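Reader: I should be grateful for a close look at a single part of this model. Please describe where that part lies, how open it is to its surroundings, and what adjoins it.

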Amino acid sequence: MSKKKKTKINNPKNIHKVVEQQQPEKSNTLIFGGILLAMSSIGLLIFVLSDKIFHLN
């Protein structure tokens, strides 16, 4: 007995083109705010650690 293979038929209506979809633009304000927050938190961490290590009065 021979087995019949089912062929997969692609329906053109079901094909989605990824190229046409545009990715949302990144907000420059959000990026700038994140960088500013990271820099200030690193500065505060360095200040606290140096105060505890060197005991600056």
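Author: Isoleucine 53 is placed in helix H1, which covers residues 28-54. The model is a predicted one. The relative accessibility of isoleucine 53 is 55%, and exposed means over 50%, so this residue counts as exposed. That agrees with the account of the whole chain, in which buried residues make up 0% of the 57 residues.

Isoleucine 53 also contributes to a nonpolar surface patch, together with Leu45, Leu49 and Phe54. The patch amounts to about 440 Å². For the chain as a whole, the accessible surface is about 6,800 Å², and carbon and sulfur atoms account for 63% of that area.

The helix that holds isoleucine 53 may be described next. H1 comprises 27 residues, and the distance from its first C-alpha to its last is 38 Å, close to the expected 39 Å at 1.5 Å a residue. The secondary structure of the chain consists of 1 helix and 0 strands. Just after H1 comes histidine 55, whose phi is positive, at about 55 degrees.

Conventions:
Residues are numbered from 1 along each chain as its sequence is written. This is a predicted model: local features need pLDDT of at least 70, side-chain atom pairs count only at pLDDT 80 or more; totals for chains, interfaces and linings use all residues. Side-chain values use heavy atoms; hydrogens and water are left out. Helices (H or I, at least four residues) and strands (E, at least two) are DSSP runs, numbered from the N terminus. Buried means under 20% relative accessible area, exposed over 50%, partly exposed in between (1.4 Å probe, protein chains only). Accessible areas come from the Shrake-Rupley method with a 1.4 Å probe; for residues, only the protein chains shown count as cover. Patches are made of residues with over 30% relative accessible area and no salt bridge: like charges are joined within 9 Å, nonpolar side chains (Val, Leu, Ile, Met, Phe, Trp, Tyr) within 5 Å. A salt bridge is a side-chain nitrogen of Lys or Arg within 4 Å of a carboxyl oxygen of Asp or Glu. The expected span of a helix is 1.5 Å times one less than its number of residues.
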